[in-house]
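Colleague: I would like to learn how to read salt bridges and burial in a model. Can we go through some cases together?

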Amino acid sequence: NAAQWNMRAGTRAMRTDLGEAERRWRTTVELLGNAPETPESAELGVRARIRLIQWGARRGTDTAEVERLLEDGRRLAERSGVVGLRAMLTYVWGTQTALSGDVEGGLARWLQGARLAETTGDPALISALAAGPILGLAWTGPLDEALWWTERALRAAGGDPDLGATLIGYSPLVRVLSFRAEVFLGAGRLAQAKEDAEAMIE
């Protein structure tokens, strides 16, 4: 249907034209708002809002709008019964919070999202959402805990750079290696940081 088409169009535009992607996701939300709710439409509505919050964090979306998107997203996610959606919504909430300047609050939500992902047993979701705790803990410590999440993410990814990329818009494996390099630098382990940097290039 039209809502699904716009969601897919937004995903395709994500890497080349973020403004167009955002317009498509907003259209998805509008179309679903004018249609009867079903489990499928609820899931699609959450996914559209996740994208709007995720990329809005980088574009400086108005706080009041983010709160509306979160409130609607949580309501739909609860009704859908899909734990993975709740995990993703919590994760992007963490991103919004951290990029707004509240690193501790962002880390708390990243950890909550990553722990929810663990309960799903989905390796793509686990590897993707572990990136948040790694970055947050690289900033705040303890670094040993950041490395624990790194190893968890790498085990879940199984060396596949594409696993989970459709969930967050980029390769979780590459992102995790990038964040682990930052952790290694913070710990003074320069040789290991260099190895991760070279692995990302490969």
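Modeller: Start with what counts as a helix: a DSSP run of H or I of at least four residues, numbered from the N terminus. This is a predicted model. In helix H2 (residues 18-33), Arg24 and Glu20 sit 4 residues apart, about one turn of the helix.

Colleague: Which atoms of Arg24 and Glu20 are closest, and how far apart are they?

Modeller: The closest N and O atoms are 2.8 Å apart, and the two residues form a salt bridge. Glu20 and Arg24 also belong, together with Arg23, to one network of salt bridges that share partners.

Colleague: Is Arg24 buried, partly exposed or exposed?

Modeller: Partly exposed runs from 20% to 50% relative accessible area. Arg24 has 25%, so it is partly exposed. Glu20, at 22%, also counts as partly exposed.

Colleague: Which residue forms a salt bridge with Asp72?

Modeller: Arg75 does, with the closest N and O atoms 3.7 Å apart. Both lie in helix H4 (residues 63-80), 3 residues apart.

Colleague: What separates Glu118 and Arg152 along the chain?

Modeller: Their side chains meet in a salt bridge at 3.0 Å, N to O. The pair links distant parts of the chain, 34 residues apart: Glu118 is in helix H6 (residues 103-120) and Arg152 in helix H9 (residues 143-157). Arg152 counts as buried at 18% relative accessibility, while Glu118 counts as partly exposed at 25%.

Colleague: How many salt bridges are there in the whole structure?

Modeller: A search of the whole structure gives 11.

How values were computed:
Residues are numbered from 1 along each chain as its sequence is written. This is a predicted model: local features need pLDDT of at least 70, side-chain atom pairs count only at pLDDT 80 or more; totals for chains, interfaces and linings use all residues. Side-chain values use heavy atoms; hydrogens and water are left out. A salt bridge is a side-chain nitrogen of Lys or Arg within 4 Å of a carboxyl oxygen of Asp or Glu. Helices (H or I, at least four residues) and strands (E, at least two) are DSSP runs, numbered from the N terminus. Buried means under 20% relative accessible area, exposed over 50%, partly exposed in between (1.4 Å probe, protein chains only).
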